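Please open the model in your viewer and keep the selection tool at hand. The stops below say what to select next and what is to be found there.

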Amino acid sequence: MDKDYRDGTFFALAAFGFWGLVPIFFKQLASVGPWEILADRVFWSFILLMLWLAVKSQWLEIKAALTDPKQRLLLFCSACVIAANWVIFIWAVNAGRILETSLGYYINPLLNIVLGMVFFQERLRPLQWLAVALAVIGVSYQVIELGHLPWVSLALAFSFGIYGLLRKKTTVSAVAGLSVETLLLSPLALLYLAWLGWRGDWGFSDTDHWLNFLLISTGLVTTLPLLWFTAAARRLPLSTLGFWQYLGPTLSMLIAVWVYEETFGPARQVTFIIIWIALAIFTLDSWRYASQQRRIRRQQLAALSAEG
């Protein structure tokens, strides 16, 4: 195993493992409202990202994004979408609905296939159609059995899918993009925190230093796994990275069931099993397609070499 692949695997494990365990962190903030946690997360992420960019001297990319009206608008829209994703996730974790967040992030890769078809005219392969159909069946089964839509799961899947769609249309890197997003949202976050302070409802306390530390740490919880993910993405093939992304929701599901004892009844079990089968088909198809493309490229290079 070469060094890049080994390091990429380590960073992927760190990023997706961290994201899978993050519900434990937000559970410690149950006494604070989700909108306040969101405001803290935005502001402290912005501070940390600015420090990171100062160290890396990457200001030109930020300046280019902010001075381009189209890029600025896209990043403002993506900032609003990811803020909605964050606040739904925070609320769901502290409302005892971690299983629903896990299901949402299992559904997301399958939803991305549909978004690619709708917005980028990508043609679905037969196995991709099968995976999407199974996902629809899984969600429909839960609706029939439980009598309501798993709205938390769908909201997280759709918001993260739309976020990825918007970011795909931008030209900035992951870290620089999040820096601009938090920069654009920080004034609103500060205004909200100031309003809470004026009302006397601000979560920061003169006595509870541990709570203060956790609120400040929301910035680290946001930026650190992103940096790890970026490092993994530079070193690993997308097919390999796509496989590791299921680690996060799997850990969250195990935490929900074994640590916080959320109900994992028959209806949910059947839904999860159907989604897992769909993801297995999707992953196998992606791996086969990537292998075929690599083989075609090798044949083309060999033909060019022979002609030369």
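Begin by selecting E100 together with R97: these two residues form a salt bridge, in which the closest N and O atoms are 2.8 Å apart. As the model is a predicted one, this distance, like the other values on this tour, is computed from predicted positions. Add R268 to the selection, and a second salt bridge of E100 comes into view, with 3.4 Å from N to O. R268 belongs to helix 12 and E100 to helix 5 (residues 98–120), so this pair ties together parts of the chain that are 168 residues apart in sequence. If you now turn on a surface, is E100 buried or exposed? With a relative accessible area of 6%, E100 is buried, and R268 is buried as well.

Keep helix 12 in view and move to D285, whose side chain meets that of R125 in a salt bridge of 2.8 Å, N to O. D285 sits in helix 12, while R125 is in the loop between helix 5 and helix 6 (126–146), so the pair ties together parts that are 160 residues apart in sequence. The two partners differ in their cover, for R125 is partly exposed at a relative accessible area of 23%, whereas D285 counts as buried at 7% relative accessibility. Going back to the earlier selection, you can show R97, E100 and R268 as one network, joined by salt bridges that share partners. A search of the whole structure finds 4 salt bridges, among them the R125 and D285 pair just visited.

Next, follow helix 12, which spans residues 266–307, as far as R295. Select R294, R297 and R298 along with R295, and you have a positive patch on the surface. Within this group, R295 is partly exposed, its relative accessible area being 40%.

For a patch of another kind, select W91, L149 and W151, which form a nonpolar patch on the surface with about 310 Å² of accessible area together. W91 is placed in helix 4 (residues 69–94), and its relative accessible area of 33% makes this tryptophan partly exposed.

Now turn to the loops, starting with the one between helix 11 (247–259) and helix 12, where E261 lies. What is the phi of E261, a residue other than glycine? The angle is near 55°, a positive value. Most residues other than glycine have a negative phi. E261 is also exposed, with a relative accessible area of 67%.

The loop between helix 9 (209–235) and helix 10 (238–244) is the next stop, and the residue to select there is P237. At 34% relative accessibility P237 counts as partly exposed. Draw a distance from the C-alpha atom of P237 to that of G8: the two residues are 229 residues apart in sequence, yet 9.4 Å apart in space.

A further loop, between helix 7 (151–168) and helix 8 (174–199), holds V172. This valine counts as buried at 13% relative accessibility. From V172, draw a C-alpha distance to I62, which is 110 residues away along the chain, and the separation is 8.1 Å.

Then select A65, which has its place in helix 3 (residues 59–67) and is buried, with a relative accessible area of 2%. How far is the C-alpha atom of A65 from that of P150, 85 residues apart along the chain? The separation is 36 Å.

Finally, clear the selections and look at the whole chain. Colouring by secondary structure shows 12 helices and 0 strands, so that the elements, from the N terminus on, are α throughout. Along the principal axes, the C-alpha atoms fill a box of roughly 75 × 55 × 40 Å. For 308 residues, a compact globule would have a radius of gyration near 19 Å, and the 21 Å of this chain agrees with that. With the surface switched on once more, note that buried residues make up 44% of the 308 residues, and that E100 and R268, where the tour began, are both buried.

Methods: Residues numbered from 1 in each chain as written. Predicted model: local features only at pLDDT ≥ 70, side-chain atom pairs only at ≥ 80, totals over all residues. Heavy atoms only, no water. Patch = residues over 30% accessible without salt bridge, like charges linked within 9 Å, V, L, I, M, F, W, Y side chains within 5 Å. Areas by Shrake-Rupley, 256 points an atom, 1.4 Å probe, with all protein chains shown as cover. Lys, Arg positive; Asp, Glu negative; His and termini not counted. Charge placed at Lys NZ, Arg CZ, Asp CG, Glu CD. Helix = DSSP H or I, 4+ residues; strand = E, 2+ residues; numbered from the N terminus. Buried < 20%, exposed > 50% of the residue type's maximum accessible area, 1.4 Å probe, protein only. Rg over C-alpha atoms; globule rule 2.2 N^0.38 Å.
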